[in-house]
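Reader: I'd like a close look at one part of this structure, namely how its helices pack against one another. Please keep it relaxed, but give me the cut-offs behind the words you use.

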Amino acid sequence: MIGRTFFLWSFATLTLYISQTLAALLPSGVIFPLYIYPGTGCTGWTPVTTAIQSNKVLQFYIVINPNSGPGGAPGSKPDTNYQACIAALRTAGSAAQNVKILGYVATGFGARSSTDVNSDIDTYSQWAASYRPDGIFFDEGATAANLLPTYQAFSARVHQDFGTSFIILNPGTTPTSNYFAIADIIVTFEGFYNDFSSSSLVIGSATPSQKQAVILHDGPGQAPFQLVNELASVLAVGASFITDFPNAIAYSNMPTGWTTFLGNLISAQA
């Protein structure tokens with residue numbers, strides 16, 4: 001009888017553990033332009049690694065940016081701190097599968113040469129599997145229809161190099177709707193906290209909210225729950241990020257209200 005009771009208790013415990021580990025991810029996640037240097041022992045990224053492990057129902061999109069891109073000559077590798085700490089981010093999200101790591105690539109709003117953009121994509125794809133990104137974050141994205149073929153080619157290059165991959169495009173505003181077909185998420189608002197309102201976004205069948213992300217800087221130390229609820233539940237954007245730091249250093253510092261923001265994001269979707 002004791003053996004059967006122990007077996008049933010163990011089975012129930014295992015079932016609970018599995019259900020928590022494989023809990024469905026909430027539809028609205030977090031995008032973090034993580035331009036902070038990780039440092040020895042990954043101390044610069046500890047709040048992010050901890051957040052990924054502690055908030056298993058949140059999807060994290062982490063943008064890494066060693067040096068305005070992969071850095072160095074084509075085919076180069078990041079330094080050993082980046083290698084170890086990108087791998088640590090991936091390990092932190094391995095149980096819940098709640099982290100995607102994107103390599104930063106500038107596109108100059110369509111003006112940067114395709115050779116240079118493709119070289120950055122190729123370089124990221126050649127990194128070792130333990131720290132290779134899951135896809136690419138194209139910054140300074142264009143919005144006009146005449147530049148769509150350029151970005152279609154960039155998107156195709158990512159899928160060619162990475163195979164199964166993830167693409168985020170950041171024009172900081174809403175582009176022509178056809179861009180939504182070549183990216184998994186588009187940052188349709190990046191700007192000052194006080195400049196954002198729901199009317200800043202264009203939401204429709206061709207520009208679905210779940211494929212949009214919002215990034216706000218120069219905000220308060222603690223973003224109010226009402227705003228987080230509007231982003232995650234009312235507008236139902238795919239991802240968001242709010243920091244109190246000013247634009248010039250917004251992504252090289254941990255937001256003061258980071259932990260509260262994550263808690264509110266979960267509560268808004270409860």
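Author: Here is a walk through three helix pairs, with a few loop residues picked up along the way.

This is a predicted model, in which local features need pLDDT of at least 70 and side-chain atom pairs count only at pLDDT 80 or more, while totals for chains, interfaces and linings use all residues. Residues are numbered from 1 along each chain as its sequence is written, and side-chain values use heavy atoms, with hydrogens and water left out.

Let's start with helix α2, which covers residues 46-54 (helices are DSSP runs of H or I with at least four residues, strands are E runs of at least two, and both are numbered from the N terminus). Its buried residues are V48, T49, A51 and I52; buried means under 20% relative accessible area, exposed over 50%, and partly exposed in between, using a 1.4 Å probe and protein chains only. Looking down the axis of α2, you'd find those buried residues within an arc of 160°, so they line one face of the helix. That arc is taken over the directions from the helix axis to the C-beta atoms.

What do the buried residues of α2 pack against? The list is β1 (29-34), β2 (60-64), α3 (80-92), β3 (99-106) and α7, where contact means heavy atoms within 4.5 Å.

Take α3 from that list. Two packed helices are described by the angle between their axes and the distance between the axes. For α2 and α3, the axes come within 8 Å and cross at roughly 15°; these axes are lines fitted to C-alpha atoms over the stretch in contact, and angles run from 0 to 180 degrees between N-to-C directions. The two helices are therefore roughly parallel to each other (under 35 degrees is roughly parallel, over 145 roughly antiparallel, 65 to 115 roughly perpendicular, and the rest oblique). Their crossing is right-handed, meaning that the near helix is turned clockwise from the far one by less than a right angle, whereas anticlockwise would be left-handed. On the α2 side you have V48, T49, I52 and Q53, and they meet A88, L89 and A92 in α3. By class, this contact of α2 with α3 has five nonpolar residues, two polar and no charged. For the bookkeeping, Ala, Val, Leu, Ile, Met, Phe, Trp, Tyr, Cys and Pro are nonpolar, Asp, Glu, Lys and Arg are charged, and the others, Gly among them, are polar.

Two loops around here are worth a glance for their backbone. C42, in the loop between β1 and α2, isn't a glycine, yet its phi is positive, near 60°. With 14% relative accessibility, C42 counts as buried. S68 sits in the loop between β2 and α3 and also has a positive phi, about 50°, without being a glycine. S68, though, counts as exposed at 56% relative accessibility.

α7 was also among the partners of α2, and it pairs up with α6. The axes of α6 (residues 225-234) and α7 (residues 258-268) come within 9 Å and cross at roughly 55°, which makes α6 oblique to α7. Here too the crossing is right-handed. F225, V228, N229, A232 and S233 from α6 meet F261, N264, L265, S267 and A268 from α7. That contact of α6 with α7 comes out as six nonpolar, four polar and no charged residues.

After α6, the loop leading to β8 (239-242) holds G238. At 4% relative accessibility G238 counts as buried. Beyond its neighbours within four places in sequence, it's in contact with P27, S28, G29, Y61, S209, Q210 and Q212.

The last pair is α4 (residues 114-125) with α5, whose axes come within 9 Å and cross at roughly 25°. α4 and α5 are therefore roughly parallel to each other, and α4 passes α5 in a right-handed crossing. The residues involved are S114, V117, N118, I121, D122, Y124 and S125 of α4, together with F154, R157, V158, D161 and F162 of α5. This contact of α4 with α5 divides into six nonpolar, three polar and three charged residues. α5 itself runs over residues 148-162 and includes A153, which counts as partly exposed at 45% relative accessibility. From A153 to I266 the C-alpha atoms are 36 Å apart, with the two positions 113 residues apart along the chain.
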